[in-house]
Amino acid sequence: MAKTKRVQVLMEPQEFAALERLAKSRGSSVADMMREAARAQYLGSADGTRRARAAESFLSLPSTPLPDWAVLKQEIEERRGSDIP
């Protein structure tokens, strides 16, 4: 049998109720979600943390307007050929 440790977390009733609703919608338990959150936040690999920071950095970049698809397609066809659907 695996050795386990028990952790008790006290929460505001409305916070716990929200977690219960979320867990139910995911087909999970609050305890499973808390373990998952602890692993993701504190026990994740350095590589995972680096990827998360990179994603946050990318998502925080300012929006850049893109040309219409027809313009992009024409540009790609001019450079690569006309076999794009």
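Student: Is M34 buried, partly exposed or exposed?
Tutor: In this predicted model, M34 is partly exposed, because its relative accessible area is 34%. The residue belongs to helix α2, which spans residues 30-43.

Student: Which residues form a nonpolar patch on the surface together with M34?
Tutor: The patch consists of V7, V9, M11, F16 and M34, and these residues together have about 430 Å² of accessible area.

Student: What about the overall fold: how many helices and strands are there?
Tutor: The protein has 4 helices and 0 strands, so the order from the N terminus is α-α-α-α.

Student: And what percentage of the residues count as buried?
Tutor: Of the 85 residues, 5% count as buried. The exposed area of the protein is about 8300 Å², of which carbon and sulfur atoms supply 56%.

Student: Turning to pockets, how much space lies in the largest one?
Tutor: The largest pocket holds about 490 Å³ of space. It is lined by 14 residues, and V7, V9, A31, M34 and R35 are the closest to its centre.

Student: Which element gives the largest share of that lining?
Tutor: Helix α2 does, with 7 residues. By class, the lining of the largest pocket comprises 9 nonpolar, 1 polar and 4 charged residues.

Student: Where does A31 lie, then?
Tutor: A31 lies in helix α2 and is partly exposed, with a relative accessible area of 40%. Its C-alpha is 9.7 Å from that of L19, a residue 12 positions apart from A31 in sequence.

Student: New topic: how many salt bridges are there?
Tutor: The count comes to 3 salt bridges. One of them joins the side chains of E36 and R26, at 3.7 Å from N to O. This pair links distant parts of the chain, as E36 is in helix α2 and R26 is in helix α1 (residues 13-26), 10 residues apart.

Student: Are E36 and R26 buried or exposed?
Tutor: Neither term applies: E36 counts as partly exposed at 45% relative accessibility, and R26 is partly exposed at 47%.

Student: What separates R35 and D32 within helix α2?
Tutor: About one helical turn separates them, because they are 3 residues apart in helix α2. Their side chains meet in a salt bridge of 2.4 Å, N to O.

Student: And which helix holds R79 and E75?
Tutor: Both are in helix α4 (residues 69-80), 4 residues apart and therefore separated by about one helical turn. Their side chains also meet in a salt bridge, at 3.6 Å, N to O. R79 is exposed, with a relative accessible area of 66%, whereas E75 counts as partly exposed at 34%.

Technical notes: Residues numbered from 1 in each chain as written. Predicted model: local features only at pLDDT ≥ 70, side-chain atom pairs only at ≥ 80, totals over all residues. Heavy atoms only, no water. Helix = DSSP H or I, 4+ residues; strand = E, 2+ residues; numbered from the N terminus. Buried < 20%, exposed > 50% of the residue type's maximum accessible area, 1.4 Å probe, protein only. Areas by Shrake-Rupley, 256 points an atom, 1.4 Å probe, with all protein chains shown as cover. Patch = residues over 30% accessible without salt bridge, like charges linked within 9 Å, V, L, I, M, F, W, Y side chains within 5 Å. Salt bridge = Lys/Arg side-chain N within 4 Å of Asp/Glu carboxyl O. 1 Å grid on protein atoms, 1.4 Å probe; cavity = no way out; pocket = protein on both sides within 12 Å on 5 of 7 lines; lining within 4 Å. Points joined across faces, edges and corners; volume = space filled by probe spheres on them. Nonpolar A, V, L, I, M, F, W, Y, C, P; charged D, E, K, R; others polar.
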